[in-house]
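This report introduces a protein structure to a reader who has not met it before. The sequence and the model are shown first, and the description follows.

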Amino acid sequence: MLYKFQFGFRKQYSTNHAIISLVEKIRNALSSGNVIIGVFLDLKKAFDTVNHDILLKKLFAYGIRGNILKWFQSYLQNRKQYIYLNKIKSDTKSINCGVPQGSVLGPLLFILYINDLAGVSDRLFSILFADDTSVFAEGQSVDEAVNVMNIELKKITTWLSANKLTINVAKSHFMVFHRSRIKINSKQILLGDSQLDQINFTKFLGVVIDDKLSFTNHIAYIRNKISKGLGIIIKARKYLNRKILVNLYNTFVVPYLIYCVEIWGNACDSYLDPIIKLQKKIIRFITFSTYTEHTIPLFLELNILPFKKLVIQRIGLQMYKYSINNLPTAISELFDEYKILHQHNTRNKSNFRHPLGKQEYMYRNFSFNAIYTWNFIISKTDINTFSSYATFKYKLKTYLINNEVTFRLI
């Protein structure tokens with residue numbers, strides 16, 4: 001019932017999966033020699049402006065009828081609210097629109113409300129995460145992609161008007177994803193009567209995405225964040241023991257390193273080098289080592305994964321979820337066609353064959369590196385891939401810490 005690329009408020013779905021889908025779509029288009037226009041829309045107070053009558057009609061259309069529909073009607077209507085601040089209470093007002101926020105049903109009702117947005121156009125590819133809405137148009141040239149986007153945005157505008165939702169034009173913008181050798185002049189994308197600003201990079205669900213998918217801006221953002229973590233560790237190491245310093249590392253550094261690293265962790269080595277050096281610097285400070293100390297023994301001593309191995313671990317965990325059918329359909333479909341299907345009891349029975357494409361784009365895809373990683377895990381290690389998630393995670397980390405990896409991701 002729900003749109004396949006709606007990644008918000010759904011079990012087993014996450015921001016990682018939304019970004020994976022987006023980057024795969026763009027890189028596949030670039031690999032084919034095409035251009036993609038992406039429009040990132042900002043809905044004004046989306047949860048607060050849901051029209052109850054329209055929502056109930058949509059629930060009816062989805063098959064929720066009779067007493068169940070009446071229950072939803074009772075749940076939404078005749079609600080009241082007031083503000084209480086500093087022992088002063090405002091007048092009570094009726095709530096005529098919006099879904100109850102802070103409730104279990106609120107997010108579900110909202111994603112049902114905007115579920116048909118993706119069906120407005122058969123030329124646009126939409127990525128939704130609750131009210132974060134992005135649409136993409138592909139073309140053989142920039143002008144073709146711009147033309148398609150402007151035509152299809154008129155349909156989006158009509159749908160928004162019919163559903164009483166409003167776009168914050170000042171916070172909405174567009175980006176032209178293209179190959180490095182293509183020169184892009186300023187283009188005009190219209191949303192209603194307003195012209196959207198063209199940008200070279202934007203923050204999408206916590207990851208800074210640029211128009212060439214180099215992730216240089218995101219890496220700079222991560223470097224800045226973990227530098228602050230380094231500052232905390234430097235100040236604290238005079239007073240705290242090594243175990244607590246490692247806890248500080250896990251608290252102030254690791255969350256930034258692992259967030260969506262499956263996607264941006266395969267950037268060019270020259271772009272990632274500042275992150276790798278900064279991680280090594282932190283490890284040396286925790287162990288009170290000199291700046292020339294070799295770090296491989298230090299990572300082993302602290303039971304911490306170096307950055308490159310951390311990328312492999314995070315990709316391996318996603319593939320473990322695929323092996324137990326615990327990934328969204330939009331992500332698992334990336335691998336289904338490459339699965340080697342036969343009933344022979346061979347060592348490579350669970351292997352995948354590799355996708356083919358232009359190296360500069362395809363080889364940096366999550367799907368390509370995920371297949372490469374999984375083939376390595378099941379053929380070169382003794383890790384039991386049928387164990388629990390926690391056991392698999394522990395054994396994979398243990399293997400990566402104690403062994404030299406015989407392959408490297410692009």
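## A buried loop residue and its surroundings

Ile-383 lies in the loop between H15 and H16; helices (H or I, at least four residues) and strands (E, at least two) are DSSP runs, numbered from the N terminus. The model is predicted, so local features need pLDDT of at least 70 and side-chain atom pairs count only at pLDDT 80 or more, while totals for chains, interfaces and linings use all residues. Residues are numbered from 1 along each chain as its sequence is written, and side-chain values use heavy atoms, with hydrogens and water left out.

Ile-383 counts as buried because its relative accessible area is 10%; buried means under 20% relative accessible area, exposed over 50%, and partly exposed in between (1.4 Å probe, protein chains only). Leaving aside residues up to four places away in sequence, Ile-383 touches Phe-392, Lys-395, Leu-396 and Tyr-399, where contact means heavy atoms within 4.5 Å. Between Ile-383 and Lys-228 there are 36 Å in space, C-alpha to C-alpha, and 155 residues in sequence.

## Helices H16 and H12

The buried residues of H16 include Phe-392, Leu-396 and Tyr-399, and Ile-383 touches these three residues. Leu-400 and Ile-401 of H16 are buried as well. An α-helix has 3.6 residues a turn, so residues three or four places apart point the same way. The partners against which the buried residues of H16 pack are helix H11 (296-302), H12 and helix H15 (366-380).

In H12, 14 of the 17 residues are buried, so this helix is largely enclosed by the rest of the structure. After H12 comes Asn-325, with a positive phi near 60°. The lengths of H12 and H16 are set out below; the expected span of a helix is 1.5 Å times one less than its number of residues.

| Helix | Residues | Expected span | Distance between end C-alpha atoms |
|---|---|---|---|
| H12 (residues 307-323) | 17 residues | 24 Å | 25 Å |
| H16 (residues 389-402) | 14 residues | 20 Å | 20 Å |

For H12 the distance agrees with the expected span, and for H16 it agrees too.

## Two buried polar side chains

Gln-279 has its place in helix H10 (residues 269-286). At 2% relative accessibility, Gln-279 is classed as buried. Its side chain is joined to that of Tyr-249 by a polar contact of 3.0 Å; a polar contact is a pair of N or O atoms within 3.5 Å, and within protein one must be able to donate a hydrogen and the other to accept it, while residues adjacent in sequence count only if both atoms are side-chain atoms. Beyond four places in sequence, the residues that Gln-279 touches include Leu-257, Phe-299, Ile-304 and Phe-307.

His-173 belongs to strand S8 (residues 173-177). With a relative accessibility of 19%, His-173 also counts as buried. A polar contact of 3.0 Å links the side chains of His-173 and Thr-202. Among the residues touched by His-173, not counting those up to four places away in sequence, are Gly-38, Val-39, Phe-40 and Leu-196.

## The chain as a whole

The protein chain has 16 helices and 13 strands. Its C-alpha atoms fill a box of roughly 65 × 60 × 50 Å, taken along the principal axes. Of the 410 residues in the chain, 50% are buried. Where contacts join residues at least 6 apart in sequence, 70% of them link residues at least 24 apart.
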